[in-house]
Amino acid sequence: MNKLIPFNKPRISKREIENIKKLNIKSNFSGNGEFTKQCASWLVENTKCKEALLVKSCTAALEMCAILLDIKHKDEIIMPSYTFVSTANAFAMRGGCPVFVDIDKKTLCIDPNKIEKNINKNTKAIVVVHYAGVSPNMNQILKIAKKYNLYIIEDAAHGILCNYKKKALGSIGDLATISFHETKNIHCGEGGALLINNPKFIKKARIIKDKGTNRDDFNKNIVKKYTWVNIGSSYNLSEINSSILIEQLKRSKETINNRMKIWRLYHKELKQLETLKKLIRPDIPKYSKINGHIYYIIVDKKKRLKLINYLKKSKIISTFHYVPLHNSPFALKSYKTIKRLNNTEDISETIVRLPFYNEIKQKNVIYITKKIKQFFNEEN
Ligand SMILES: *Cc1c(COP(=O)(O)O)cnc(C)c1O
């Protein structure tokens with residue numbers, strides 16, 4: 001019998017562990033230290049954003065976005081329903097109302113053609129989620145945002161080192177968020193970043209990150225004592241996490257090249273099944289450069305669970321996500337005007353995510369795709 005092929009396996013090497021040892025645990029290792037500064041510089045350099053703040057999670061960065069935009073009761077934020085809960089929750093926490101828009105079946109991102117009819121006088125922002133490192137047509141969304149004077153936030157949790165028309169994801173909206181959770185390509189267990197492109201948010205973001213205080217000015221000797229100047233919270237990433245993250249960032253291009261090899265192998269091996277109309281493979285737009293975060297297939301609704309169980313019998317763990325937000329228990333209870341979102345519901349019932357991690361072997365990928373072929377042969 002083969003060994004279990006898990007769905008995900010976070011990569012951690014000796015170098016990260018060596019780095020933790022370099023920390024001066026006897027003195028300071030809270031946050032904002034040398035490793036954190038190095039991570040921030042790396043992000044600015046590699047995404048060309050104006051400022052990068054290292055925070056505890058992508059969720060924390062999204063919460064900071066909602067505070068930065070001063071979201072209040074009745075404010076509406078346009079976003080996909082096909083996303084992780086934090087995208088909506090961050091705004092809901094401030095009393096804002098998420099307005100869920102359907103996705104495009106090719107990109108699995110918010111459909112730019114369906115945004116405009118959801119805009120009204122209460123709309124404050126558009127949140128785009130770059131699913132699997134693919135973005136929606138950003139030029140179209142930028143035009144809409146300009147026309148109606150709306151902010152754009154990029155949830156680039158999956159998007160590190162991905163591009164839209166040669167621009168880094170995370171450098172296009174007013175604000176962007178990245179995740180360094182262990183399920184993502186580049187990780188430090190738990191972590192995230194807020195990327196700022198609209199300079200008017202930089203100062204306030206530092207305050208929000210530091211419990212609503214002007215401690216940053218104090219550290220720079222601009223003020224003699226620091227005090228409470230805004231709402232905020234404790235969002236700093238600890239130096240322990242940053243010491244791990246910096247090593248991962250330094251080797252991120254290598255990591256992503258490796259992951260893209262896995263991605264391309266899946267894509268090649270599953271081509272024939274697509275030709276036979278047994279499944280649909282990801283269709284990456286020409287404007288996108290991706291990072292091999294996810295490999296998914298779309299299958300017949302009635303066959304999905306059978307396929308997942310079939311693979312499980314061969315010790316292959318596949319999974320699905322997202323469970324849509326627009327018809328979730330919380331949304332149904334909190335937001336009255338919930339409509340159907342056909343593409344979102346279809347995709348969430350037909351998508352299968354295949355095992356994907358740095359150390360997965362080529363022979364494992366071949367084995368997985370062989371099992372998928374067998375499934376469709378037997379099923380017919
Ligand atoms: C993973 C993820 C998040 C949350 O990231 P954390 O760092 O775990 O808070 C948010 N949005 C999307 C799209 C994600 O995939």
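A polar contact is a pair of N or O atoms within 3.5 Å. Keep that cut-off at hand for these exercises on a predicted model.

**Exercise 1. Find the polar contacts of the ligand.**
Task: Which atoms of the ligand do the side chains of Asp155, Ser179 and Tyr322 approach, and at what distances?

Solution.
- Step 1: Start with the nitrogen side of the ligand, where a polar side-chain atom of Asp155 lies 2.8 Å from a nitrogen atom.
- Step 2: Turn to oxygen. An N or O atom in the side chain of Ser179 is 2.7 Å from an oxygen atom of the ligand, and for the side chain of Tyr322 the distance to a ligand oxygen is 3.1 Å.
- Step 3: Apply the cut-off. The Asp155 pair at 2.8 Å counts as a polar contact because the limit is 3.5 Å.
- Step 4: Add the burial. The ligand alone exposes 390 Å², of which the protein buries 93%.

**Exercise 2. Describe the surroundings of the ligand.**
Task: How many residues surround the ligand, and how do they divide by character?

Solution.
- Step 1: Count the shell, which has 15 residues; the closest are Thr59, Asp155, His158, Ser179 and Lys184.
- Step 2: Sort them into eight polar, five nonpolar and two charged residues.
- Step 3: Place the ligand: the space it takes is the largest pocket.

**Exercise 3. Check the backbone.**
Task: What is unusual about the peptide bond from His321 to Tyr322, and about phi at Leu161?

Solution.
- Step 1: Recall the usual case: most peptide bonds are trans, and most residues other than glycine have a negative phi.
- Step 2: Look at omega. Going from His321 to Tyr322, the bond is cis, with omega near -10°. Tyr322 belongs to the loop between α11 (304–313) and α12 (329–334).
- Step 3: Look at phi. Leu161 is not a glycine, yet its phi is positive, about 65°. This residue sits in the loop between β5 (151–155) and β6 (163–164).

**Exercise 4. Classify an aromatic pair.**
Task: Among the 13 aromatic pairs of the whole structure, what geometry do Tyr266 and Phe356 have?

Solution.
- Step 1: The ring centres of Tyr266 and Phe356 are 6.2 Å apart, with 40° between the planes.
- Step 2: The pair is tilted, because 40° is neither under 30 nor over 60 degrees.
- Step 3: Locate the partners. Tyr266 is in helix α9 (residues 252–269), and Phe356 is in the loop between β12 (351–353) and α14 (362–379). The two are 90 residues apart, so the pair links distant parts of the chain.

Definitions and conventions. Residues are numbered from 1 along each chain as its sequence is written. This is a predicted model: local features need pLDDT of at least 70, side-chain atom pairs count only at pLDDT 80 or more; totals for chains, interfaces and linings use all residues. Side-chain values use heavy atoms; hydrogens and water are left out. A residue is near a molecule or strand if one of its heavy atoms lies within 4 Å of it. A polar contact is a pair of N or O atoms within 3.5 Å; within protein, one must be able to donate a hydrogen and the other to accept it, and residues adjacent in sequence count only if both atoms are side-chain atoms. Accessible areas come from the Shrake-Rupley method with a 1.4 Å probe; for residues, only the protein chains shown count as cover. On a 1 Å grid over the protein atoms alone, a cavity is a set of points where a 1.4 Å probe fits but cannot get out, and a pocket is an open set with protein on both sides within 12 Å along at least five of seven lines; lining residues have an atom within 4 Å of a point. A molecule sits in a cavity or pocket if more than half of its atoms lie within 2 Å of its grid points. Ala, Val, Leu, Ile, Met, Phe, Trp, Tyr, Cys and Pro count as nonpolar, Asp, Glu, Lys and Arg as charged, and the others, Gly among them, as polar. Rings of Phe, Tyr and Trp (its six-membered ring) pair if their centres lie within 6.5 Å; planes under 30 degrees apart count as stacked, over 60 as edge-to-face and the rest as tilted. Helices (H or I, at least four residues) and strands (E, at least two) are DSSP runs, numbered from the N terminus.
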